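Please examine the sequence and the structure shown below. The paragraphs that follow treat one helix and then a group of aromatic rings.

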Amino acid sequence: MTNPASFKYFKTSPEIIRLAVMLYIRFPLSLRNVEDLLHERGIDVSHETVRYWWNRFGPVFAAEIRRKRVQKLRAFSKWKWHMDEVFVKVNGKRHYLWRAVDHEGEVLEAFVTKRRNKAAALKFLRKLMKRHGKVETVVTDRFASYRAALRELGVLEKQQTGRWLNNRAENSHLPFRRRERAMQRFRRMRSLQKFASVHSSVYNHFNQERSLTNRDIFKLTRAAALSEWRQLCSG
């Protein structure tokens with residue numbers, strides 16, 4: 001667990017920093033939107049301070065969330081992965097954001113590459129398997145690079161393709177697309193990779209799938225997620 005001394009040299013309380021980071025990553029808000037929301041609550045900080053907090057603590061919070069979730073996911077073997085990729089403009093140039101989600105909609109990995117070919121697919125799959133272990137089924141579209149990469153890894157028999165089978169992966173891009181519009185796109189590939197990884201972990205943490213539960217259960221799980229967020233990096 002991250003040492004609570006991470007907040008040692010900050011005059012602002014950890015509670016305010018966590019709130020600012022959560023607002024910026026979780027919701028499609030700009031830095032100035034977060035500044036205004038905090039000001040409404042009597043917290044006077046600039047949008048550049050919010051930017052510094054998110055860059056400093058966002059990856060730390062995401063790593064702690066990811067560590068706990070990976071431990072739980074690796075305890076099960078019969079998982080189905082859904083994989084898909086979308087193009088993202090970085091400083092006017094096309095890049096590709098590869099994303100893998102499990103059969104329950106949890107984002108497993110987000111990975112950015114300059115090319116959309118076998119080498120990129122292979123690198124993404126190896127990173128995914130190293131972190132999450134073996135998989136029962138891999139659902140993809142009919143993009144040939146997936147088939148070539150899976151064949152090289154010796155798991156081609158686990159691939160499934162179909163017209164609507166991969167809707168879960170395609171829908172998983174929507175929350176990120178909303179954040180991308182609020183941020184007015186990205187200027188560096190490194191910034192895109194950083195934000196995509198952090199955003200996926202925070203989205204997993206607060207994603208309660210409210211359409212699948214009744215109101216009482218949803219309120220309990222939402223309160224539990226918020227309570228756990230407030231404890232991040234607290235010791």
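In this predicted model, Asp 216, Leu 220 and Arg 230 are exposed on one side of helix H9. The buried residues of this helix, on the other side, are Phe 218, Ala 225 and Trp 229. Viewed along the axis of H9, these buried residues fall within an arc of 40°, and therefore they line one face of the helix. An α-helix has 3.6 residues a turn, so residues three or four places apart point the same way.

Helix H9 comprises residues 215-230, which makes 16 residues. From its first C-alpha to its last it reaches 23 Å, close to the 22 Å expected at 1.5 Å a residue. At the start of H9, a side-chain oxygen of Asn 214 comes to within 3.2 Å of the backbone nitrogen of Asp 216.

Trp 229 also leads to the aromatic rings: ring pairs link this residue with Phe 7, Phe 10, Tyr 52, Phe 57, Phe 61 and Phe 206 into a cluster. The structure as a whole holds 16 aromatic pairs. One of them joins Phe 7 and Phe 57, which are stacked at 4.7 Å centre to centre with 15° between the planes. Phe 7 lies in the segment before helix H1 and Phe 57 in helix H3, so this pair ties together parts that are 50 residues apart in sequence. Both partners are buried: the relative accessible area is 8% for Phe 7 and 0% for Phe 57.

Charged groups also meet rings in this model. The charged end of Arg 56 sits over the ring of Phe 57, 4.9 Å from its centre. Elsewhere, Arg 116 lies over the face of Phe 143, at 3.9 Å from the ring centre.

Technical notes
Residues are numbered from 1 along each chain as its sequence is written. This is a predicted model: local features need pLDDT of at least 70, side-chain atom pairs count only at pLDDT 80 or more; totals for chains, interfaces and linings use all residues. Side-chain values use heavy atoms; hydrogens and water are left out. Rings of Phe, Tyr and Trp (its six-membered ring) pair if their centres lie within 6.5 Å; planes under 30 degrees apart count as stacked, over 60 as edge-to-face and the rest as tilted. Helices (H or I, at least four residues) and strands (E, at least two) are DSSP runs, numbered from the N terminus. Buried means under 20% relative accessible area, exposed over 50%, partly exposed in between (1.4 Å probe, protein chains only). A charge sits over a ring if NZ of Lys or CZ of Arg is within 6 Å of the ring centre and within 35 degrees of the ring normal. The expected span of a helix is 1.5 Å times one less than its number of residues. The arc is that of the directions from the helix axis to the C-beta atoms. A polar contact is a pair of N or O atoms within 3.5 Å; within protein, one must be able to donate a hydrogen and the other to accept it, and residues adjacent in sequence count only if both atoms are side-chain atoms.
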